Amino acid sequence: MSHFFHLISVVALLFIQIGHSNDIDGKPILVHGAFTPVEVWGDVDHRLTQAGYGRVFPIRLPSVGTVTSGRQPDIDAVRSTLAAELASGKDVVLVGHSYGGTVVGEAVKIFRADAAPSIPVRRSLLYRKYARPPPRGKILGLIMLSSYIPYTTEVTVPGSRPDIRSIAPSWFNFANMPKVTPDGDPALPPRTLFFNDFSDIRIAFWSPKFSFSAFGALNATATYIPYTGDFQCTYVVTDLDNTVPPAWAQSFIDQPGAVWSVEHVHASHYSMISKPDDVARVIKKVAGDPCCV
Ligand SMILES: *[C@@H]1O[C@H](CO)[C@@H](O)[C@H](O)[C@H]1NC(C)=O
């Protein structure tokens, strides 16, 4: 009798396994931007999960709402999930929104494309801490969603990056250092700056969930540029964006040596809330999902 139940459970297990084998291989890791709560990914996460992606990984960046020093805590938050997925044989797609693109770009530094890491990298403490056993999954692509990212010169010309306080747009508020908030320009309230394609109800819902960002994270200098050939990179321009407006986005895309696939979404800066289907479609495309390639 117990053999019979054992058989039933084995068959049930097989069924579950087969069910899971329909999962799209390409686990999305979603990285929010400055000032932003991780909950912004809710609708995109839901759509991807419904579409068979199994687990989706929205990452909560420590530099939002706590005073962290430097960018490393943010990078580590992405890297630990990334390393775990790669090590378990899963392919991943990384999505960085706004400042999150900067974090993603730095996080992948030790996992350059499919190549086996060089001996110095393998000997490095970082690699030994995060990347052993050697990664087996692949990084299918990086998506920079309306991203504020380092220009290539930030890495190729050391010392060229000024303090962000001297180059930041008017709406950055540095009056409460080391906390930075996005309320520095009365002419650009959240409904104009961030949520210009949201209903009033949505603006009222989301505005209080935003917080400060730690200056040290925003003002850190990049040490690696992922979009000059090491990885498949897609830049998503959000056409109604008042935070990283299309002309600014284009200045990242048009740099000498930059290699991008470019997508457009007709949305404000928070496209993952106002146009989650369009954002999910780009992620599926980069994941190689037959629906969208
Ligand atoms: C911000 O970064 C710049 C460039 O690296 C540096 O010179 C400056 O000291 C930093 N600002 C602060 C307050 O740490």
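In the predicted model, Pro 178 is located in the loop that runs between strand 5 (173-176) and strand 6 (179-181). The peptide bond linking Met 177 to Pro 178 is cis, with an omega of about 5°.

Two further loops contain residues with unusual backbone angles; most residues other than glycine have a negative phi, and most peptide bonds are trans. Phe 35, in the loop between strand 1 (27-31) and helix 2 (42-50), has a positive phi near 65° although this residue is not a glycine. Phe 35 is buried, because 23 other C-beta atoms lie within 10 Å and 20 or more suffice for that class. Ser 98, also not a glycine, has a positive phi of about 55° and is placed in the loop between strand 3 (92-97) and helix 4 (99-107). Ser 98 likewise counts as buried, since it has 26 C-beta neighbours inside 10 Å.

The largest nonpolar core comprises 68 residues. Within this core, the residues with the most contacts are Ile 29, Val 31, Val 78, Leu 94, Val 95, Ile 143 and Ile 283. For Ile 143, when neighbours within four places in sequence are left aside, the contacts are Val 93, Leu 94, Val 95, Thr 234, Val 236, Val 282, Ile 283 and Val 286. Leu 94, Val 95 and Ile 283 thus appear both among these partners of Ile 143 and among the core residues with the most contacts.

Around the ligand, the surrounding residues are Arg 161, Asp 163, Asn 219 and Thr 221. This shell contains two polar and two charged residues, and no nonpolar ones.

Key. Residues are numbered from 1 along each chain as its sequence is written. This is a predicted model: local features need pLDDT of at least 70, side-chain atom pairs count only at pLDDT 80 or more; totals for chains, interfaces and linings use all residues. A residue is near a molecule or strand if its C-beta atom, placed from the backbone, lies within 6 Å of it. Ala, Val, Leu, Ile, Met, Phe, Trp, Tyr, Cys and Pro count as nonpolar, Asp, Glu, Lys and Arg as charged, and the others, Gly among them, as polar. A nonpolar core is a set of buried Ala, Val, Leu, Ile, Met, Phe, Trp, Tyr and Cys residues joined through C-beta atoms within 7 Å. A residue is buried if 20 or more other C-beta atoms lie within 10 Å of its own, exposed if 12 or fewer, and partly exposed in between; C-beta atoms are placed from the backbone. Two residues are in contact if their C-beta atoms, placed from the backbone, lie within 7 Å. Helices (H or I, at least four residues) and strands (E, at least two) are DSSP runs, numbered from the N terminus.
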